[in-house]
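Here is a friendly walk through a two-chain model, one region at a time. Keep the viewer open as you read.

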Amino acid sequence: MSDVRIMRGREWARPVRPARREVLSATPELEEGRPPLLFVPGFGHGAWAFAEHWLGHAASRGFPAHAVSLRGHGGSEPAPEATLRAYVHDVVQVAAGLPRQTVLVGHGAGALVVAHALARYPARAAVLVAPVFGGWGTLGAALRRNPAGTLPAVVGGRLRLSRGQLFSRELPDADARRYAGRLGRAGRRAQWQLLTQTDPEPAVGAPSVLVLGSPDDRVVPTGALNRVARRYGSAPLLFPGMGHDLMLDARWREPIDALLDWLEKETIAR
Amino acid sequence: MSTSTDRPDPEATTLALSRDGRPVSDRGDTVCVIGAGASGLTAVKNLKEHGFGVDCYERETGVGGAWNWRHDRSPVYASTHLISSRPFTQFPDFPMPDSWPDYPHHSRLLAYFERYADHFDLRSHIWFGTEVIRVEPVEGDRWDVTTRSTGGYGPERTSRYAAVVVANGHNWSPKLPDYEGLAEFRGEVMHASSYKDPAQLRGKRVLVVGAGNTGCDIAVEAAQQASHCWHSTRRGYWYAPKYVLGRPADQVNDTLLALRVPLRVRQWLYHWTLRLTVGDLTRFGLPKPDHRVYETHPIANSQLVYHVGHGAITPVPDVARFGPYGVELTDGRQLEPELVVFATGYLPRFEFLDPKVLGDDSGTGRPTLWLNAFAPGHPTLAVVGLLQPDSGVFTLSHWQAVLFARLLQLRRTRPERASAFAAATQARAGERYSGQVKESSRHWFEVGHADYLRALQRALDTLENK
């Protein structure tokens, strides 16, 4: 059997309904022919999470940087019934709309959305930041760390991530409070799909994939991080002492610099 | 990887001589793609993605082939819209913007191909304004490709390639019918390929011959612009609306296909749906279809029956003969049109290739290929896009190109797999991928998109056998 699935009857017959999408961008002053980056936030987060630090920093290093809010998040159209497939559709649409082959960067459950998008769009490369690939293990870990915030999600309510899960103690409390206040929620069906979802199809166009994370992440256990990295034939790049939201935490500069360094090497090598 | 800087340079790389003693520049493992239309572009993109160097030759100065209305061989007219909806038309890994309508206009399609070319950086692989005049097999399953500037200017140049993809399209060489007395007819006669704008019809008595999608589109425009329109068809057809049950008709159809509803049941459902919506066509004077739906190339036109109902289109049978001032029909009626438009289709042509290479030994113009793409005895040759699907063709071209790229990869790494594929090509050349289809000189490459893609999937599975 080939790993390619040609017949996509359901996708053809029932295309995803379009929804207005928020895309925030920062572009370098001088166009240097570098591939554009598309940041995909995880459940509950919007494009704002990347606009805070990472977009501007990537642009200052010469990469056109964009972030999309998945439907129902941030400034995109409300979509309480959104599915994982609709999120993947949003990402592929934005990526294909950029002028050149795009590097997809997914954070949290956004990394799973990116992994699915890689099967529908030949990305230049992909980066999975603190990836949440779902499954019952993820639920178990979340229930242990934050039972009060997780239990409602099991019955279709909102998943409440605590500040302690997302950020390290180094982040000033006022910032942490402000960020946590901006968190929204993912679609009910998408939340369930995170538990019951099937494995993403293999990526098309053989992109290189980098996995980033923190051993002190209280959402993604190190074991899960290693499993995702192994899937793509590598080991995760670790940033000890940081929380789950690497793009908002106090030392946000370290992971984005490592990501861009890797990308510079990767795009010159190919 | 091939970039703009390592294009063939005859002085530096001449290694061999062609059969007639001219120098040949050797392009090593590079693959040659003929044509930068939809199929050519997806071939360049997928070969590049699989690590091959690619040289693409395009006779025009832009991408988009038939869909670029600036091209002199382009068949599109001002009002051309897609007849398959977006999900069936786009490349499977590069979706059209979801803000576009279900059936985009041809100018949007050109913008889509231009964006595809820029997004995947394909233009640096394309030699524009260069036409291919000869493609000859040489020893080692390699190919000598001779090119020159479009229009025959400048010197000929021959390059040797590891493989060739033929993507020269099949909607540019008009098929003109031969009627008795046509030469004596004093009125204006044109093929649909030279029809561009409804102004050409304004105020005239127009006879449109042919009930393909183009013929029906032109008849509808003539209904609105001409002083009268006759629409001549050989047989009755099923005129499928573009929308049924509030959704694009092909999406409804594929819902049934995805559920693997058998053909007979789908035909019954379709007939039943048409009876409820369009109703009995013979009441409008249209002939009763002599076949079941799905047995001819589908016609997606919601407006034709509407204009027949307004009396702006008079359906008439086939033309028997032409006279100096009029046309006699097979039922004996006489018409006096000022303008006759032949929407009689196009024929595929491969004038740069010996017909025998494509398995057309008797010279009938019908290649004998496996999966409409692979020629027996020539494992490094593929024809991409020689398909008339009941849906969009670009998805099919994409997967043909992927299959060919993977085949070329396996020729290096697992030669036994590639030779098994070659044996299958030999054994299965000429297979058809549709249900029963009414015979016509143009419909021999008609395929059902689901049947065809399933056959491609099986070929890919056997090839990779993971």
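How many residues does the contact take from chain B, and how many from chain A? In this predicted model, chain B contributes 26 residues and chain A contributes 25 residues. On the side of chain B that touches chain A, the elements giving two or more residues are α3 (86-89), α4 (106-119), α6 and α11 (449-464) of chain B. The most comes from α11(B), with seven residues. Sorted by class, this side of chain B holds twelve nonpolar, five polar and nine charged residues.

One of these contributors, α6(B), is worth a look in its own right. This helix spans residues 249-258, and its buried residues are B:Ala249, B:Asp250, B:Gln251, B:Asn253, B:Asp254 and B:Leu257. Just after α6(B) comes B:Arg260, with a positive phi of about 55°.

**Chain A as a whole**

Chain A has twelve helices and seven strands. Its radius of gyration is 17 Å, close to the 18 Å that the globule rule gives for 270 residues, so chain A is as compact as a globular protein of that length. Taken along the principal axes, the C-alpha atoms of chain A fill a box of roughly 45 × 45 × 35 Å. Of its 270 residues, 48% count as buried. Among the contacts in chain A with a separation of 6 or more, 71% are between residues 24 or more positions apart.

For a closer view, turn to helix α10 of chain A, residues 188-196, where A:Ala190, A:Gln191, A:Gln193 and A:Leu194 are buried. Why do they lie on the same side of α10(A)? They cover an arc of only 160° around the axis, which puts them on the same side of the helix. In general, an α-helix has 3.6 residues a turn, so residues three or four places apart point the same way. The cover over the buried residues of α10(A) includes α4 (84-97), α5 (109-117) and α7 (147-154) of chain A.

**Strands of chain B**

Back in chain B, strand β11 (residues 205-209) is mostly covered, with four of its five residues buried. The chain passes from β11(B) through helix α5 (residues 213-225) of chain B to β12(B), a β-α-β crossover that is right-handed. Elsewhere in chain B, β18, β19 and β20 form an open sheet of three strands, in that order and with antiparallel pairing. At its edges stand β18 (319-322) and β20 (334-335) of chain B, each with a single partner strand, so one side of each is left without a neighbour in the sheet.

The table sets out three strand pairs of chain B, each with its sense and number of bridges.

| Strand | Partner | Sense | Bridges |
|---|---|---|---|
| β11(B) | β12(B), residues 228-232 | parallel | five bridges |
| β11(B) | β21(B), residues 339-342 | parallel | four bridges |
| β18(B) | β19(B), residues 327-329 | antiparallel | three bridges |

Some facing residues help to find these pairs on screen. B:Leu207 stands opposite B:Trp230 in β12(B), and B:Val209 stands opposite B:Phe342 in β21(B). In the open sheet, B:Arg321 stands opposite B:Glu328 in β19(B).

A last stop is B:Ser25, which lies in strand β2 (residues 23-26) of chain B. Is B:Ser25 buried or partly exposed? It has 18 C-beta neighbours inside 10 Å and therefore counts as partly exposed; a buried residue would need 20 or more. The C-alpha atoms of B:Ser25 and B:Arg366 are separated by 32 Å, and the two residues are 341 residues apart along the chain.

Note on methods. Residues numbered from 1 in each chain as written. Chains lettered and ligands numbered in written order. Predicted model: local features only at pLDDT ≥ 70, side-chain atom pairs only at ≥ 80, totals over all residues. Buried ≥ 20, exposed ≤ 12 C-beta atoms within 10 Å, placed from the backbone. Contact = placed C-beta atoms within 7 Å. Nonpolar A, V, L, I, M, F, W, Y, C, P; charged D, E, K, R; others polar. Pairing = 2+ DSSP bridges. Right-handed = clockwise from strand over helix to strand, strands pointing away. Rg over C-alpha atoms; globule rule 2.2 N^0.38 Å. Arc of directions from axis to C-beta.
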